[in-house]
Structures are given as structure tokens and as C-alpha cells.
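Reader: Hello! I would love a close look at a single part of this protein, with its surroundings filled in along the way. Could you take me through it step by step?

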Amino acid sequence: MANGKSLFLGFVVGGVAGAAYTLMNTKTSGKEFRENAKAKSAQLKDTVFKLKDDGVQLKDQIMQTSKEGAELIKDLSEDVKSSIESWKKTVEPHQKNIQKYLEQIEESLKELEEKAKSEQNTSRQTPPMEDPDKQE
């Protein structure tokens, strides 16, 4: 805290010293200097008010843009939801058909496996026939 007070005191003393030096070494009279200071002060005041007004306008524009953006996002999300629902309604009947076809394919594969196993078992049980054309 002591460093903060020292720094502030240094700024004040430096400001006073700088102002005194400027007043002593100015080429204009005191009256002209005061008039120039008043004019500069008025310009600075106008600039500050203009910056304040510009800041308020910028804030209002940002708020308006944020509201519009939020509305757009809300509309977009509703559109996406409705598109997804529509897609689900379109795909659902086909999904049932595809499921039915997959079940039929599975049954056919099981039947083929069973036939292949039964043929393998029967071929092992019967001895191979000799070819009558074959001579030893």
C-alpha cells in the first residue's frame, strides 16, 4: 500500500511541477493561455461525450445483433429438429422392411449351414464309389 501512495504522490508532484514549468515558460500571456486551456478543455469534453455516445450506440448495436443471432439460432435449431423428425418419419417404414429382410437373410444362412453340415456328414458315412472306367 505504501508503494501505491508513493506512486500517486509522485504523479501529483510531477503534474504540479510540469504545470508550473509550462506556465512559467509559455510564450503567451496568462489570459491567452487560459482561453486556450478553456478551448482545449471544451474540445476534450466534446470528445469524451462523443466517445460516450459512440460507446452507447455500439453497446445497443451489439445487444441488437445478439438478440438477432439468438433468434436465428433458435429458428435454425427448430428447422433442424423438424428436418430430423421428417427424416425419421420417412426412414422408419423402410427401417422395418430392412429389418425384415435381414431376418430372412439370417434364416437363409442358417438353413444353408445346416444343409452344408448334413451333406458333410453324409459324405463321410458313405464310402467313395469306384469309377468303373478306371483300371488298375
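Author: Happy to! Let us begin with I105, which is partly exposed at a relative accessible area of 49%. This is a predicted model, and I105 sits in its helix α2. Why can I105 belong to a surface patch? Patch residues need over 30% relative accessible area, and I105, at 49%, is partly exposed. The patch in question is nonpolar, covers about 490 Å² and is made by I98, L102, I105, L109 and L112.

Next comes a patch of charge. E103, E106, E107, E111, E113 and E114 form a negative surface patch. One of these residues, E106, lies in helix α2, which runs over residues 30–125. I105, from the nonpolar patch, has its place in helix α2 as well.

Helix α2 also holds a pair of charged side chains, D54 and K50, that meet in a salt bridge with an N to O distance of 3.7 Å. Why can these two be partners? D54 and K50 are four residues apart in helix α2, so about one helical turn separates them. As for their cover, D54 is partly exposed with a relative accessible area of 34%, while K50 counts as exposed because its relative accessibility is 52%, and the cut-off for exposed is over 50%. The salt bridge count comes to one.

Stepping back to the whole protein, the secondary structure comes to two helices and zero strands. How much of the protein is made up of buried residues? Of its 136 residues, 0% are buried, where buried means under 20% relative accessible area. The accessible surface comes to about 13400 Å², and carbon and sulfur atoms account for 59% of that surface.

Note on methods. Residues numbered from 1 in each chain as written. Predicted model: local features only at pLDDT ≥ 70, side-chain atom pairs only at ≥ 80, totals over all residues. Heavy atoms only, no water. Patch = residues over 30% accessible without salt bridge, like charges linked within 9 Å, V, L, I, M, F, W, Y side chains within 5 Å. Areas by Shrake-Rupley, 256 points an atom, 1.4 Å probe, with all protein chains shown as cover. Salt bridge = Lys/Arg side-chain N within 4 Å of Asp/Glu carboxyl O. Lys, Arg positive; Asp, Glu negative; His and termini not counted. Charge placed at Lys NZ, Arg CZ, Asp CG, Glu CD. Buried < 20%, exposed > 50% of the residue type's maximum accessible area, 1.4 Å probe, protein only.
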